[in-house]
Amino acid sequence: MLELKNIEAGYNKKPVLNDVSINLRKGEIVALIGPNGAGKSTVIKTVMGIVKARKGEIIYKGNSINGNNPVGNIRHGIVYVPQGNTVFSDLTVLENLQMGGYILSDKSIVEDRIKEVFNLFPEIEERKHLDAGNLSGGEKQMLAIGRALMLKPELLLLDEPSLGLAPKSIKKAFEAIKVIRDKFNTTILIVEQKVKEVLEIADRVYVLRLGKVVLEDNAADLKDVSVIKKAFLGE
Ligand SMILES: Nc1ncnc2c1ncn2[C@@H]1O[C@H](COP(=O)(O)OP(=O)(O)OP(=O)(O)O)[C@@H](O)[C@H]1O
Ligand SMILES: [Mg+2]
């Protein structure tokens, strides 16, 4: 579904990613973990075309998408939920979802997808006429993911969906992510720092440190946290 081959990328003159190779098969949940500043968000931004790869190749469904812009990528089914609070606070929950479907010309599809999102997240349906700014952190994250689902992504890129959430909300958000994969066979790349929790839903894991992949494994084989700790610390 997605293959990053020997990617080098960064900001201005600052190199961040160095020879990063990552691949995702269709319907897989792949976790990208690593310490702060490792380059995890940069990986996602490079796939999305927000950051340009200086070297290497990005292959999506068999075609190179190097140099594609974010809008082009969205139209090809790649949808990105950025790190942090990304809902429109002054719009209602419903309006936020409608915004998520703004590129769809068939409004009946927009209505159907809103229903699908509400099936997945009944908590936010109860609050559909409320300004999104009034939602709890967990509800905002559900809305941010719900808004991404409006475009029925084939590849969903999630940047730290657990950020700022209480443990109970993290569990809920992660369960919902698994349901999305199981229901729609969406391929999901999830950046996370909540290692133990994300290992419960991920099929495979990459550990990124100082812009390099230092470990790649099946999530089921990585239950021994000391292996991950070593990879994080570079021991
Ligand atoms: N827009 C930018 N301009 C310049 N440098 C940046 C920019 N964004 C990120 N960086 C730098 O690139 C490096 C990697 O950042 P990135 O955001 O990819 O890390 P991360 O692994 O997502 O970290 P975190 O867990 O804190 O979100 C850091 O050193 C960061 O300071
Ligand atoms: Mg980040």
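The following legends describe four close-up views of a predicted model.

**View 1. Coordination of the magnesium ion (ligand 2) by two side chains.** The donor atoms are OG of S41 and OE1 of Q83, at 2.0 to 2.3 Å from the ion. These two residues, 42 positions apart, link distant parts of the chain. S41 belongs to helix α1 (residues 40-48), whereas Q83 lies in the loop between β6 (78-81) and α3 (93-100). S41 has a relative accessibility of 17% and therefore counts as buried, the limit being under 20%. Q83, with a relative accessible area of 36%, is partly exposed.

**View 2. Surroundings of ligand 1.** The ligand is surrounded by 14 residues, of which G37, K40, S41, T42 and Q193 are the closest. Three side chains place polar atoms beside oxygen atoms of ligand 1: that of N36 at 2.8 Å, that of Q193 at 2.8 Å and that of E160 at 3.3 Å. Taken alone, ligand 1 exposes 630 Å², and the protein buries 66% of that area. Two elements, β2 (14-24) and α1, each give two or more residues to the surrounding shell. The largest share, 3 residues, comes from α1. S41, listed here among the closest residues, also coordinates the magnesium ion shown in View 1.

**View 3. Buried and exposed residues of helix α9 (residues 225-233).** I228, A231 and F232 are buried in this helix. Because they cover an arc of only 100 degrees around the axis, these three residues lie on the same side of α9. An α-helix has 3.6 residues a turn, so residues three or four places apart point the same way. K229 and L233, on the other side of α9, are exposed. The packing partners of the buried residues are the strands β3 (29-33), β9 (204-209) and β10 (212-218), together with helix α8 (195-201). G234 follows α9 and has a positive phi, near 75 degrees.

**View 4. Environment of N96 in helix α3.** N96 is buried, because its relative accessible area is 0%. A polar atom of the N96 side chain lies 2.9 Å from the backbone nitrogen of F88. Leaving aside residues up to four places away in sequence, N96 touches V87, F88, L91, A132, L143 and R147. F88 thus appears both in this list of contacts and as the partner of the N96 side chain through its backbone nitrogen.

Terms used: Residues are numbered from 1 along each chain as its sequence is written. Chains are lettered from A and ligands numbered from 1 in the order in which they are written. This is a predicted model: local features need pLDDT of at least 70, side-chain atom pairs count only at pLDDT 80 or more; totals for chains, interfaces and linings use all residues. Side-chain values use heavy atoms; hydrogens and water are left out. Donors are N, O and S atoms within 2.8 Å of the metal (3.2 Å for Na, K and Ca); water is not among the atoms, so sites may look incomplete. Helices (H or I, at least four residues) and strands (E, at least two) are DSSP runs, numbered from the N terminus. Buried means under 20% relative accessible area, exposed over 50%, partly exposed in between (1.4 Å probe, protein chains only). The arc is that of the directions from the helix axis to the C-beta atoms. Contact means heavy atoms within 4.5 Å. A polar contact is a pair of N or O atoms within 3.5 Å; within protein, one must be able to donate a hydrogen and the other to accept it, and residues adjacent in sequence count only if both atoms are side-chain atoms. A residue is near a molecule or strand if one of its heavy atoms lies within 4 Å of it. Accessible areas come from the Shrake-Rupley method with a 1.4 Å probe; for residues, only the protein chains shown count as cover.
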